[in-house]
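Welcome! Please take a look at the sequence and the 3D structure below, and then read on for a short guided tour.

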Amino acid sequence: MALLTSRKTQPKYDVIVVGSGAAGGQTAYTLAMEGAKVLMLEAGRNYDPVTETPMFETNHQAPLRGAVTPDKPFGFHDATVGGGWEVPGEPYTNASTDPQRQFIWWRSRMLGGRTNHWGRIALRNGPYDFKPYSRDGLGFDWPISYDDVAPYYDKVEMLIGVYGTNEGMENTPNSPDGVLQPAPKLRAGEQYAQKHGKKIGLPIIPIHRAVLSQRLDGPKLAAKLHPKNLAAQRVLIQAMSERAACFWATDCGRGCSIRANYQSTTVHLPPALASGNLDILTDAMGYRVLLDEHGKATGVAYIDRQSRAEKEVYARIVVLAASSAESVRMLLNSKSPRHPNGLANSSGLVGKYIMDTVGADLGGQIPALENLPLHNEDGAGGSHAYAPWWLYQEQHAGKLNFARGYHLEFGTGRRMPNARTGSRMEYLTGGKYGVGYKEDMRRYFGSFVGFSGRGEMIPNENSFCELDPTVKDKWGIPVLRFHWKWSEHETRQAKHMQETSVAIIEAMGGTASAQPKKDGRDAIITGGMVIHEVGGAIMGTAPRNSVTNQWGQTWDVPNLFITDGGTFVSNADKNPTLTIMALAWRTSDYLLEEMRKGNL
Amino acid sequence: MNYSTDLPRPDRRTAIKWMLTASASTTLLSSFADAARSTEAAPVTGSGYGTDPRLQKTYQPGELWPLTLSDAQRVTAAALCAVIIPADATSPSAAQLHVHDFIDEWISAPYPTQALDRPLILECLKWIEAEAQRRFSRNFSILTDREKTAICDDVCFVKTATPEFTDAAKLFTRFRDLTAGGFYTTPEGMKDIGYTGNMPLASFDGPPPEVLKKLGLL
């Protein structure tokens with residue numbers, strides 16, 4: 001079994017997994033390593049980070065010095081293929097024209113999906129994050145607790161490699177000893193923020209990111225991850241031996257040809273393929289779940305993007321892992337006379353309660369960081385530090401005017417110049433040009449710090465998606481129409497983010513580039529822009545209040561599962577990818593057990 | 001390294017490419033020739049690089065879409081680049097590094113952000129030339145450094161510019177920003193500004209002691 005360049009699938013599989021990113025990668029990995037025969041469908045093209053990643057290419061080598069364009073909205077060298085905020089020929093729509101009520105949707109069309117370019121920030125949800133309703137009466141509780149997921153966080157962290165430290169902070173869980181990789185030293189600006197953050201009570205600690213700071217100990221980890229499965233251990237030891245440690249250069253958003261960071265294509269898929277139990281079909285756009293006369297899933301209908309033909313593949317079990325919104329779209333497009341509102345939708349909740357992460361940004365300039373002796377600050381291709389939410393007690397005591405927390409990410413230092421370097425410096429230079437301007441640029445380069453608040457959104461009735469009644473994509477598949485509305489919990493939180501950013505900038509002796517917005521609605525960035533969309537197929541305790549049970553198994557179709565962020569009941573400030581993987585592994589274990597028992 | 005500025009742009013390879021494209025239509029060919037002679041820029045043509053471009057490749061201005069500045073505009077742009085970022089003991093000038101080619105690539109690009117900059121940059125070049133003629137009755141590029149500075153000093157800062165120069169100062173500001181972006185992304189510019197990364201290291205040791213000391217972190 002392999003990457004199906006022949007495009008010839010087997011007559012039947014144990015499991016079809018739709019999607020190849022964090023959810024699909026983890027699901028296919030766990031199932032294939034434990035012996036299930038799996039077919040993975042990926043809508044985009046085959047993609048090989050080892051040969052395709054632009055590792056050391058500079059902006060000088062790129063069109064427009066690498067600047068963002070509608071074709072490459074995160075810059076020319078960003079890993080994303082075939083997508084961005086818009087995918088050619090595959091639109092989505094918004095129900096409202098109100099700028100405050102827009103949702104934008106980042107997609108890619110490539111093997112490994114968005115894991116190829118993500119920020120690699122890998123934070124665990126804490127105990128509060130699974131029981132938010134119990135804590136403040138808003139939103140919903142998950143049907144599971146932190147203790148149910150913790151073993152899977154351990155496993156995922158050991159498999160993919162996550163650097164960080166255990167700080168023992170409230171609702172910011174430690175990992176067991178020996179699970180995390182050593183955290184890289186903090187950069188100058190990060191250490192400076194850490195020291196001066198204390199003045200305003202802002203704790204700045206090493207962040208957790210899915211980057212190898214040292215090589216993985218394959219034999220030890222494989223034995224822990226696949227006890228009693230020698231074949232899986234052998235495959236994993238080999239795969240881990242092929243991953244290098246970070247060489248402290250190049251932005252992770254480009255992907256990583258030495259496989260030092262996590263992306264599905266370098267971490268999940270190679271061992272899953274090597275197990276001999278996984279077929280991958282790329283350019284296969286799944287759009288409908290097939291059912292038999294008893295209402296059981298039998299497979300998936302897809303568009304072969306190469307031949308444009310409609311085709312079908314079959315399996316005992318179907319897993320949707322296409323990203324929360326794309327999986328919702330498949331369920332809604334699987335409607336039939338028997339399921340007029342879409343599949344697995346007897347609750348009417350498919351597409352409901354979609355969430356993104358709240359975002360607000362603000363930067364500044366720090367005189368103390370000017371003219372520092374030159375040194376290489378590239379580091380691990382992303383941040384080394386952040387401030388976790390630190391006001392749980394104040395919030396719980398009702399001292400804040402918003403209900404949920406956020407963390408603060410930030411960037412500092414002399415990073416590779418881009419097309420904006422040297423721009424808008426008049427407020428510092430007084431409009432200089434000539435030799436004096438060059439001198440000023442040497443002085444100020446690396447003295448800027450940018451803060452980004454990333455916070456929890458509470459699910460609400462006004463944020464959902466449905467099928468657009470008229471618009472179809474170039475394949476003839478109905479597209480999603482989004483409805484979006486922030487509540488005051490989010491907009492006030494966004495305002496607080498900017499106020500905190502100013503406070504830390506000033507604590508560092510610096511000047512913020514702007515004043516915080518007086519109205520949080522002007523501070524908050526557009527829905528979807530943080531690319532943490534989850535929900536739409538929430539899990540729960542009963543068919544009436546949810547789309548799936550705690551295992552991501554749809555109540556209505558027992559052999560149909562969802563392992564992407566669709567099942568999220570809340571969207572903690574912690575970036576969702578690590579939790580998506582932990583839950584996908586947990587679902588896969590359950591699925592394997594049910595198969596063994598003959599229940600599926 | 002030789003930082004020749006006397007070569008007329010576009011370079012030969014780009015020009016040939018244009019000619020090949022243009023030869024499909026004699027109308028286009030004549031408009032190309034007209035544009036090169038005239039003081040007006042050619043219209044933007046061509047399409048973007050799409051959502052799956054080759055990333056491991058070095059691109060040259062003019063390779064993906066035709067450049068559009070006229071010869072006269074290019075001369076003005078190069079001269080202005082050299083005033084904004086001149087050569088000094090550390091690095092060559094923006095003109096020596098052909099940053100005006102980047103600016104031409106930028107304003108000739110078939111993308112919305114760049115389309116917004118296009119009228120600003122074209123207007124900036126037009127204003128600079130008109131001002132050189134008004135004050136000194138010569139082209140900007142052949143003015144003395146002192147004469148060039150006399151013009152630029154009036155438009156280098158929107159906040160302090162006198163009302164008659166406010167609009168021109170906005171144009172100059174955008175030109176300076178693009179010049180900086182073009183300059184500091186070159187290998188010479190990256191070195192000048194103090195970027196020492198983009199090379200593999202065996203370990204990441206954090207900031208050196210002298211940095212920590214300066215920041216009061218030791």
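Of the 600 residues in chain A, 59% are buried, a term for residues with 20 or more other C-beta atoms within 10 Å of their own, those atoms being placed from the backbone (12 or fewer make a residue exposed, and counts in between partly exposed). This is a predicted model, in which local features need pLDDT of at least 70 and side-chain atom pairs count only at pLDDT 80 or more, while totals for chains, interfaces and linings use all residues. Residues are numbered from 1 along each chain as its sequence is written, and chains are lettered from A and ligands numbered from 1 in the order in which they are written.

**The two chains side by side**

Helices (H or I, at least four residues) and strands (E, at least two) are DSSP runs, numbered from the N terminus. Two residues are in contact if their C-beta atoms, placed from the backbone, lie within 7 Å.

| Chain | Helices and strands | Buried residues | Contacts 24 or more apart, among those 6 or more apart |
|---|---|---|---|
| Chain A | 17 helices, 16 strands | 59% of 600 residues | 73% |
| Chain B | nine helices, zero strands | 39% of 218 residues | 59% |

**The build of chain A**

The C-alpha atoms of chain A fill a box of roughly 75 × 50 × 45 Å along the principal axes. The radius of gyration of chain A is 23 Å, which agrees with the value near 25 Å for a compact globule of 600 residues; it is taken over C-alpha atoms, and the globule rule is 2.2 Å times the number of residues to the power 0.38.

An automatic or database domain assignment sets the domain bounds. Chain A is divided into domain 1 (1-53 + 66-164 + 218-355 + 466-480 + 533-600) and domain 2 (184-206 + 358-455 + 487-523). The centres of these two domains, taken over C-alpha atoms, are 33 Å apart. Where they touch, domain 1 of chain A gives 16 residues and domain 2 of chain A gives 17 residues.

**Strands and a sheet**

Strands of a sheet pair through backbone hydrogen bonds, either parallel or antiparallel. Two strands count as paired if DSSP finds at least two bridges between them. In chain A, strand E2 (residues 38-41) and E5(A) are parallel partners over four bridges, and Met40(A) has Ile280(A) in E5(A) as its bridge partner. Which way do the residues of strand E5 (residues 278-281) of chain A point? Leu278(A) and Ile280(A) point one way, Asp279(A) and Leu281(A) the other way, and all are buried.

Chain A also has an open sheet of six strands with antiparallel pairing, in the order E4-E10-E11-E12-E9-E15. Its edge strands, strand E4 (205-206) and strand E15 (511-512) of chain A, each pair on one side only. Two bridges join E15(A) to strand E9 (residues 358-365) of chain A, and Gln365(A) has Thr511(A) as its bridge partner in E15(A). H6(A) lies across strand E10 (385-387), strand E11 (406-411) and strand E12 (448-455) of chain A, at about 30° to E10(A); axes are lines fitted to C-alpha atoms, for helices over the stretch in contact, and angles run from 0 to 180 degrees between N-to-C directions.

**Where the chains meet**

The contact takes 64 residues from chain A and 57 residues from chain B. On the side of chain A that touches chain B, helix H6 (188-197) and helix H14 (435-444) of chain A are the elements that give two or more residues. H14(A) gives the most, with five residues.
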